[in-house]
Structures are given as C-alpha cells and as structure tokens.
Amino acid sequence: MIVLYTDFGPGGPYVGQLHALLAQQAPGIAVIDLFHDLPRHDIRAAAYLLPAYTQGFPPGTVHVCVVDPGVGSERRALLVKADHRWYVGPDNGLFHVLARRARELECFEILWRPRQLSASFHGRDLFAPVAAQLVRGLVPASAPVAMTVPVPDWPEDLPQVLYIDHFGNAITGLRADRMVKNARLQIGDTTLTCARTFSETGAGAGFWYENSNGLAEIAINQGRASAKFNIAVGDPVRVS
Amino acid sequence: MIVLYTDFGPGGPYVGQLHALLAQQAPGIAVIDLFHDLPRHDIRAAAYLLPAYTQGFPPGTVHVCVVDPGVGSERRALLVKADHRWYVGPDNGLFHVLARRARELECFEILWRPRQLSASFHGRDLFAPVAAQLVRGLVPASAPVAMTVPVPDWPEDLPQVLYIDHFGNAITGLRADRMVKNARLQIGDTTLTCARTFSETGAGAGFWYENSNGLAEIAINQGRASAKFNIAVGDPVRVS
Amino acid sequence: MIVLYTDFGPGGPYVGQLHALLAQQAPGIAVIDLFHDLPRHDIRAAAYLLPAYTQGFPPGTVHVCVVDPGVGSERRALLVKADHRWYVGPDNGLFHVLARRARELECFEILWRPRQLSASFHGRDLFAPVAAQLVRGLVPASAPVAMTVPVPDWPEDLPQVLYIDHFGNAITGLRADRMVKNARLQIGDTTLTCARTFSETGAGAGFWYENSNGLAEIAINQGRASAKFNIAVGDPVRVS
C-alpha cells in the first residue's frame, strides 16, 4: 500500500500526477490519499501529525510525504524505515517526530535520480518513483545518513493547533494519553474540560477529547469550534 | 462495489482512512467517493438525496453512509438491505426516505463490534469494516430491527434546497417526475419555469429542470443560481 | 489508463458518478483524477492546459475531457486520436490547441448513443461509456469529421493566467521553451524575471519559472503570488 501525505491541496493537477505515475510504475497497488490539505509549507505541523495518522498502517506500507518548501534547493531526499514501514520525502524535519518516537529506525539519503528531474516537483519525479520501487521490493540507490535535526529543538509534544478539519475541530500536537483525564486545555481566553465523546456534552458546548488518532482535539457538539473560538492553525494551546 | 456517502469533506484525513481500511479488508474492490461534501450534520438533506443518487448502482453494491452527529451516543448501527443493495450507517433517519421508497426492505441492527471502537469515528471503525465483510459475502452479527422513524413525520418529497453544487446549481428534494411540466418553482421572490436543458434558455436566465438524477434543480445557463438568487442549503421552495 | 479532466469541482457527486460508471464498464482499469477544478465553463483555459498536462501519459491512454457549458445543445461529441492517445469530449474548442500541436491527428464525431442520455450530464452518460469501450479495445460508432475551429482564431500560446494552484501560483498559457531565459513577464504593474527554482530566489520574492509541465508560471518563494500580485484567472500577461 502507498499512502500520500502532502500539502498539494485537494484540487489541482499535482495529486493526479502522482497517481498517474504510480498507476504506471506500481500497477495494482492501492494508493491512499491520506492528507492533501496539510497546512501549506508547514513542516512542523506535518511532522507532528505524521506519526499519529500513519501509526495504523500495515508493515511494508510506503508513505510519500511531501511538504517541501525547499524543493529545488540542496536539501537531501530521504528514505526512512521506521517500525517496518517506509517513508519517502525531503530531509527538512518532516520525519523528525516520527524518528524520535520509532522503536526501530533506519535512515538513508536517496541517491537514485530519474532521467528527468524537474526543479519544482520532486513528489512526482523523485519520491513517487522511489515509492513505486519500494512496493515492488526494490530498494533504490541510497546511503545511510543521519537525519537533519531541527534547530532549535522541537518539544516532545507540540502544544499548538496543527490542523482544522472539515467540521471545524482543531487538532493539536498533544498526545491525549500523555495528559490526565481532568486536564484543562486553554486556547485564547477559553478553558476547556475533557469529554469522552461529542454526545456527552450539550449541543453548542466546547470541550477537548482524545480523537480517533490519539491526539487532543478541540470541538463543539454540533458546532464549529474553529469559528466559535476563533482558532487558526498555529495557535498555541496550554495544558493546566 | 463500495460507495462512500459522507459529510467528511473533500480534504483529509477521514476519507483516506476509510479507503485505507477498505484497501486492507476488501482488497481489489472498487471504492467510489460519491459524496463527501453532504451538508454537515444535516441528516434530513442526506436522507432525501440518498435514493436519488444511489438508484443506479448494481445489485450487491454496499453503501457506507455517514452523516452522524450522534456518534458515540446510544444511537444504533444499522444494516439495511433495500432492493438488493446494502446500506450501512447510523440509525438516525438517514435511511428513512430510502426505506419508504424501497420495494423490498430488510433492516438489521449491527451487533458486531471491532476490537477497537473509537468514540468519534464509527465510519472507520464500525461501518467500513462491516461493508468490507458484506462485499466479501459475509454478514456480520446482526438482528432484525425496526428503523427509527423521524418525529414529526417527514413529507413524501422535501420542498427544500438540499445541496448546492460546484456550478451553483441548487438541488431540491422534489422528484421531477412527480411534478407537471408547466409547474413553477418559487424560491424567495423568484418564480422559475421549467426547461429541458441549459442551452434551451438564454445565458443568464434562471430556470428549473429535471437533473440527471431525477430531482428538480434550480440553475442559470452559464451563471451561478446560488449567487444570483441568494440560495442556501435549507431554503424552502414552493411548487405552483 | 483513463484520465479525467473536468470542471466538476473536487466535491461530489459528479466525479463519483464517473468513477462508478467506469468501475462497472472498465473494471480493473486505473482512473486518474487529473483536474476537476479547471476554471468553470472556461473552454479556452482548459484547451491550453490540456496538451501541457496530458503530454506525459502513455500511448493508449483515454482522456475524458468535460468543460461543456453547451451540454444538451446541438454541439457534437468528439473522439480525437492525437499522438496515439484518445480524447473524448465536446466539440467546443476544448481539443483545438491539442490538435494544432499534435504530430498525428484523427478526429471523429461520436455517433454511438447510450440507451439513456440525460440532457445535462453527457460526461456520465456518453463520454465515460465511450472511454470504457476504448480502453477495452472497442471503437464506438463514429464518423470522421473536422473539428470545429474557434472564431476568432486563438493564438499559438495564450498570454493569460489559466489556473491558480493551491499554493497561489499562477499558471499561464505560455510555453517556457518558446521564451528566452532573460524574458520578463509583466502582470498588472509587476514585472518579473525568470528563476530556475523557488529556492533560487529570496523568501517573498516574485519570479516566473518553467513549471514542471513546461508552462511559464508566476510564483513567490514561500508566499502566495495570486494574493500578493492580485492575480485572477483570465488576467493577461505580457512578455518583454
């Protein structure tokens, strides 16, 4: 299985071009559009979401991860093997949180190059072809390397809004199983208590809960938390 | 074939998570994204659109239908067999119109539960795995049940705007074959006559017509009816 | 492979209905969503983007191209064979640029009709079934015909913004390999020089470059060109 994880947007030709390439180079393999609306160019948000949203995939899954504002620069191309799954993408911090939490980790620089490499679309020209090789059991030319570490260092969990979903729920970079049940989450002037599920709270009431991927998420039963609490991606949250 | 019918939004990650699960539990089966932008939490709109937009699918098709504001509450999970097609989703009225119009109908409560059931994402954890079982010829543990009937009762056809499409056309809950050809449709202050097709009317002219799925739809030739007539989902229409 | 190229929008249900039909009539064939957010009803923009974005597909690929404001009128349905690839869609100029640039070209009017043809959705009822026949090696009933030529004539390259992508980059109808490297591109009051890649310029600096499909594209490193330069689809550009 190949999983796509990008900030390319849900429209447009880029996602389709990845699929077209994979249909040719990895025919018959399921290709999953996991995220294409990751916050644009926000490497850190994508890095903290990555382990939460890819933890359930089977061994051997190949993830093509592209949040890559530095495409065309000298940043390296990485091939990461973490807990029996492959991740392909730029060496810009995108795999930093994943690597830190992995039990088993190997990291390689991708040396293989296609015959034609555009300056602006390595997703299509480099990362997707490498993914196609991996699912077919081939390992492209590569060399062991140490992943670039963000400077200054990133925290273990990120107390910030990383993504606002279609329902207006605000997903944070905090793992709920690291928080106590009666923790309060503060965002702006609002302090929220924990609920197990939406229907536990009254309509219109704000709360935080452990979402279906293990992250602390701010929501309103039958309402839009992002609108009511005026939340944007990047807003800090505080645990108390 | 598995058909997805949700209000999850066209962006990530929920739709991708359904696909990922189905790729594992029902490999090789076509999975169709029919609707993911149904009006959020609007059970009634989704209920009236459902029979119109799923009538053409072949016998044996399994529909995963999730407009589920009560997820995590005590609402039951349903398995509906209507005219040789399967429908899986919450017992909240979503299947009420479909059931009323079906020639053959069976309804079951789903008793099967996965090992891990999140409180907020039964689409991924319960309904999709049940769909995967059904397309593989298995019927999950379930018991005959009477579907919950909305109170107060819903009308035979719904004189309301249910969905506004990408072109600004407003799809109503009225079946066109129940209306006379010279019927007028009133929305707000505007009264519209019927046309067979867009090109029959002048550019910029508003009209209603029988859309390609049998519902009365308000449109403007080469324009946006929703903008010109200031139409929103939920607006009432009147037939005269 | 079947490639979809439409202005149907990324939300439902039209794209899903195409996929549902193709899953039944061309099972096992990869279907690629290349564009579904082409500028609405903008035949000319779609016509100039088409050769750039479909040039890389393998011989035998069938493209279903639907930007069709005249659906339901007397406009003909076309089947075009250009450089060993098939294109199916309306005879409204959509294939004009492709045809002009093709080395080998055949053009047919599609005479085949389905049993049920809606007045408003030929994509589903006519073009997709024809595509399904073509990928299965069948050629539907058709007759050689001369494609309708736009009046007044369209230029060789179109000095206009055709599409604004998810990153706010503005794709023009100018082929970069026809331009000199030190050409300047003027849009509104702004004059831009050429860069090879994003990282070549400073953050926030505007430039034009040859995009990954060969068209001249206006961008800002880590910014949104469409917002900063106030660019909309249809805006003219000037080369100097």
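Biologist: How many salt bridges are there across the interface of chain A and chain B?
Modeller: The rule finds 0 salt bridges across that interface. Keep in mind that this is a predicted model.

Biologist: And how many residue pairs in polar contact?
Modeller: Between chain A and chain B there are 7 residue pairs in polar contact, with both residues at pLDDT 80 or more.

Biologist: Which strand gives the largest share of the side of chain A that touches chain B?
Modeller: Strand β2 of chain A, residues 31-35, which supplies 4 residues. By class, that side of chain A has 14 nonpolar, 8 polar and 6 charged residues.

Biologist: How many residues does the contact take from each chain?
Modeller: Chain A puts in 28 residues and chain B puts in 26 residues.

Biologist: What area do the two chains bury between them?
Modeller: About 2,000 Å², and 60% of it lies on carbon and sulfur atoms.

Biologist: Which residues in chain A lose the most area to chain B?
Modeller: A:His166, A:Phe167 and A:Ser212. Together they make up 30% of what the chain A side buries.

Biologist: Changing topic. What turn lays chain C on chain B?
Modeller: A turn of 120 degrees, with a shift of 0.0 Å along the axis, and the RMSD is then 0.0 Å. That is the relation of a three-fold axis.

Biologist: Which C-alpha in chain C is nearest the axis?
Modeller: The C-alpha of C:Pro10, at 3.9 Å from the axis.

Biologist: Do the copies use the same or different surfaces?
Modeller: Different surfaces: 4% of the contact residues of chain C recur in chain B.

Biologist: Now the strands. What is the order of the open sheet in chain C?
Modeller: The order is β11-β10-β14, with 3 strands and antiparallel pairing. The edge strands of chain C are β11 (190-192) and β14 (238-239), each pairing on one side only.

Biologist: How many bridges join β10 and β11 there?
Modeller: Strand β10 of chain C, residues 185-187, pairs with β11(C) over 3 bridges in the antiparallel sense. Within that pair, C:Gln186 stands opposite C:Thr191.

Biologist: Over in chain B, how many residues lie between β12 and β13 in the hairpin?
Modeller: There are 4 residues between β12(B) and β13(B). One of the turn residues, B:Gly214, has a positive phi of about 90 degrees.

Biologist: In what sense do those two strands pair, parallel or antiparallel?
Modeller: Antiparallel, over 5 bridges, with β12 of chain B covering residues 206-210 and β13 of chain B covering residues 215-220.

Biologist: Which residue is the bridge partner of B:Trp208?
Modeller: B:Ile218, in β13(B).

Notes: Residues are numbered from 1 along each chain as its sequence is written. Chains are lettered from A and ligands numbered from 1 in the order in which they are written. This is a predicted model: local features need pLDDT of at least 70, side-chain atom pairs count only at pLDDT 80 or more; totals for chains, interfaces and linings use all residues. Side-chain values use heavy atoms; hydrogens and water are left out. Two strands pair if DSSP finds at least two bridges between them. Contact means heavy atoms within 4.5 Å. Buried area is the accessible area (1.4 Å probe) that two parts lose on being put together, summed over both. A salt bridge is a side-chain nitrogen of Lys or Arg within 4 Å of a carboxyl oxygen of Asp or Glu. A polar contact is a pair of N or O atoms within 3.5 Å; within protein, one must be able to donate a hydrogen and the other to accept it, and residues adjacent in sequence count only if both atoms are side-chain atoms. Ala, Val, Leu, Ile, Met, Phe, Trp, Tyr, Cys and Pro count as nonpolar, Asp, Glu, Lys and Arg as charged, and the others, Gly among them, as polar. Copies are superposed by least squares on the C-alpha atoms of residues with pLDDT of at least 70 in both.
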